[in-house]
Each structure stands twice: as C-alpha cells, then as structure tokens.
Amino acid sequence: MAPKLRQIQRTGEQAHKEALTYFHLDTFHDRMRTAAAAEWGVAARSLSLAGQGAQLLHVRHLITAGLLWVVLTAVGELLVVADLYPTVGSHEAQDFDDIFRFLLLLGVPVMTFVFAVLIYAGLQFRIRTAVPTEDGPAMRGQGWFPRAWLAVTGGLAIFVMIYPGLTGLAELQQGDKGASGWGDQEAEVTIKATAFKWQWLFEYPDGTQVSVAAGKELVLPNETSIKFEVNAADVVHSLWIPAFRMKIDAMPGRTTYMTVKPNKLGEFASDQAYRVQCTELCGLDHATMMFPVRVVEPQEFESWLASLNEGGN
Ligand SMILES: [Cu+2]
C-alpha cells in the first residue's frame, strides 16, 4: 500500500507544482496583457480624443460657414424680391423683370456660397504668424462634394439656358401682331426714330414729328403695340426707354426695329423711367441725349396728335 500511496502523493505534488507554474505564468501573461492593454488604451483614447477634437472643430467650421451662407442668402433673396426696380411701364418690362428676378433667385445662393466660404476662410484661416516661404500641400477636389457642386451648378446653367433663355427668345420672335421683340413685325402704331448727335427725332404715321424743337415729348398710347423703326444720321446710338426695359441700336445706313406695348400711364415729369435715353457712347454730349416720354390713354393720344397738327407741326 505504501509505494502506491507515495506514488499518488508524488503525482499530487507534481500536479500542484505544475498548476502553480501554469498559474504564475498565466498571471504574468495576464498582467502583461493588462498593462499593454492599459497603455494601448491610453494611447488609443488620446488618439481618438484628438480625432474627435478635430472632428468637432471641422463641424464647428462647417456650421459657422453654413450659417454665414444662410444669412447672406436670406439678405440677397430679400433684396431680389424687394421693390428696387424702376417703374414697370410695359408688358415686356414685366416679362424681363420676372426673368431677371427668377435668374437672381437661382443665382444668389450660388454666389453667397462662394462669398461665405471666401469670407470665412479669409477670416478664420488667415496667417497669424510669419508668412511661410513654401506653399502648403496641393488640395485637389475629390469625393462627393466637387461632383455635387458641378452637378448642381451645371444643371442650373443648362436649365436657365432652356428656361427662360430659349423659351423667352422663342416667345419674343413669334412675330404676331402686337408681339414684342426686335423684328420687322406688324404693330398698331409705327414710329420712326432718328438718332443724331446729340438728340432724337420721332415721326408718327401721319407725318407729325416731335423733337426738342417741336412737341418736346414723345407721347405714346397705352396698351397699344408700338413699333420703332430706328435709324441714325451720323454715328451709332442706342434707343432705350427704361420703363419699357427694351433697347435697340440705332445705326447709320441700317434700319433696326423694336416693338413694345406700354401697360402703365406715366410721364417723365414725375417718373424718370419714362424717357428715351441714348445708351451707346456717341460723343461729347452722349449723356444729355435724352427725350421725355409720356404714356396716355389711346383717345388722349389721338387728340394730342390732332392738337399738334393744328399747331402746325
Ligand atoms: Cu447717342
């Protein structure tokens, strides 16, 4: 019995020793692992904190610049819809103002985006120390943002080329009676306009002429299509009536046309948008090449014309 007992005892001691050895080894490894993990954790945490910090800063820049964009856009769009335009005195003026506002409404956010980024970058990332002697690393457009920017602005450009660009041109070139535009189309009243250095001469269908010498104002019937047949006696001038938002060059040796339909009574005495103004630099007194316009009801137009004829014009 004794040898067997000893054998068992020896086996037990051996197992205990082995267990102790394993135990210690395991403990050592665990400690190593724990220490390494702790050290790694600190490093990893500081790295991730730095990353989070950079991320937060990044978000802060985006939010601030974004807010600047929103504010600039709001101001811009308010200015677009505010009534800052000259009197709308013709159907064409209404069309052109609508088109102008529409284009501005689309264009303002694009412009203010560029302004917001420029202003914010200029203020926030300006050099505060000595100017570096070398350029920084090149920044190349990559990722979704440049693509989205190209898609949005490119899409907008193509869209406005079609509407109101091509559709508006097609409308102006219809050539129906009463249509506006720059073609030689039918109109209810045709007025010959001659530009010379530095004034205007207008001739009504019945031969009546008005100029600074006679009549002294261009009277036009409201809600009537009026075609100007335009010529120049000397150099190139340009006929423009601000209230109508239409103009056409006046050229020696060539007749040009402009048809408009006034839609609002008005006169130069109370509204300077009612005037003919030369808009092609034509010499010394170009700036004074202005002639008053008065839009009246058609019946009043007829009686005015008759009264001028009685006066011997
Ligand atoms: Cu002129």
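Trp198 sits in the loop between β1 (189–196) and β2 (199–203), and the peptide bond leading into Trp198 from Lys197 is cis, with omega near -5°. Keep in mind that this is a predicted model. The protein has four helices and eleven strands, and of its 313 residues, 17% count as buried. Contacts reach a long way along the chain: among those with a separation of 6 or more, 70% are between residues 24 or more positions apart.

**Backbone oddities**

- Most peptide bonds are trans, and most residues other than glycine have a negative phi.
- Besides the bond into Trp198, there is a cis peptide bond joining Tyr163 and Pro164, with omega about 10°.
- Pro164 belongs to helix α3 (residues 144–172), and Pro164 turns up again where α3 meets α2.
- Glu223 isn't a glycine, yet its phi is positive, at about 50°.
- You'll find Glu223 in the loop between β4 (218–221) and β5 (226–232).
- Is Glu223 buried, exposed or partly exposed? Glu223 is partly exposed, because it has 16 other C-beta atoms within 10 Å, which falls between the cut-offs of 12 or fewer for exposed and 20 or more for buried.
- Arg245 also has a positive phi without being a glycine, this time about 60°.
- Arg245 is in the loop between β6 (237–241) and β7 (246–250).
- Arg245 counts as buried because it has 22 C-beta neighbours inside 10 Å, and 20 or more is what buried takes.

**The open sheet and the loop around Pro205**

- Five strands make up an open sheet, ordered β3-β2-β1-β5-β8, with mixed pairing.
- Its edges are β3 and β8 (256–260), each of which pairs on one side only.
- β2 and β3 run antiparallel and are joined by two bridges.
- Within that pairing, Phe202 has Val210 in β3 as its bridge partner.
- Pro205 is in the loop between β2 and β3 (209–210).
- Why does Pro205 count as exposed? Pro205 has 11 C-beta neighbours inside 10 Å, so it counts as exposed.
- Exposed or not, Pro205 does have company: leaving out residues up to four places away in sequence, it touches Val189 and Thr190.
- The C-alpha atoms of Pro205 and Ile191 are separated by 6.4 Å, with the two residues 14 apart along the chain.

**Strands around β11**

- β4 runs parallel to strand β11 (residues 290–296), and four bridges join them.
- One pair to look at here is Leu218 and its bridge partner in β11, Val293.
- Strand β9 (residues 266–267) runs antiparallel to β11, with two bridges between them.
- Glu267 stands opposite Arg294 in β11.
- Strand β10 (residues 275–278) pairs with β11 too, over three bridges and in the antiparallel sense.
- In β11, the residue opposite Arg275 is Pro292.

**The nonpolar core**

- In soluble globular proteins, nonpolar side chains tend to be buried together.
- The largest nonpolar core here has 31 residues, and those touching the most other members are Ala193, Ala195, Leu218, Leu239, Val276 and Val293.
- Which strand gives the most to this core? That's β5, with four residues.
- Leu218 and Val293, both on that list of core members, are the bridge partners linking β4 and β11.
- What does Leu239 contact, leaving aside neighbours within four places in sequence? Its contacts are Ala193, Ala195, Phe228, Val230, Lys247, Ile248, Ala250, Met258 and Val276.

**Helix packing: α2 on α3**

- Two packed helices are described by the angle between their axes and the distance between the axes.
- For helix α2 (residues 91–124) and α3, the angle is about 175° and the axes are 11 Å apart.
- That makes α2 roughly antiparallel to α3, because angles over 145 degrees fall in that class.
- On the α2 side, the residues involved are Ile99, Phe102, Leu103, Leu106 and Val110, and they meet Thr153, Leu156, Val160, Pro164 and Gly168 in α3.
- Sorted by class, this contact has eight nonpolar residues, two polar ones and no charged ones.
- Pro164, the α3 residue on the far end of the cis bond from Tyr163, is thus part of this helix contact.

Technical notes. Residues are numbered from 1 along each chain as its sequence is written. This is a predicted model: local features need pLDDT of at least 70, side-chain atom pairs count only at pLDDT 80 or more; totals for chains, interfaces and linings use all residues. Two residues are in contact if their C-beta atoms, placed from the backbone, lie within 7 Å. Two strands pair if DSSP finds at least two bridges between them. A nonpolar core is a set of buried Ala, Val, Leu, Ile, Met, Phe, Trp, Tyr and Cys residues joined through C-beta atoms within 7 Å. Axes are lines fitted to C-alpha atoms, for helices over the stretch in contact, and angles run from 0 to 180 degrees between N-to-C directions. Angles under 35 degrees count as roughly parallel, over 145 as roughly antiparallel, 65 to 115 as roughly perpendicular and the rest as oblique. Ala, Val, Leu, Ile, Met, Phe, Trp, Tyr, Cys and Pro count as nonpolar, Asp, Glu, Lys and Arg as charged, and the others, Gly among them, as polar.
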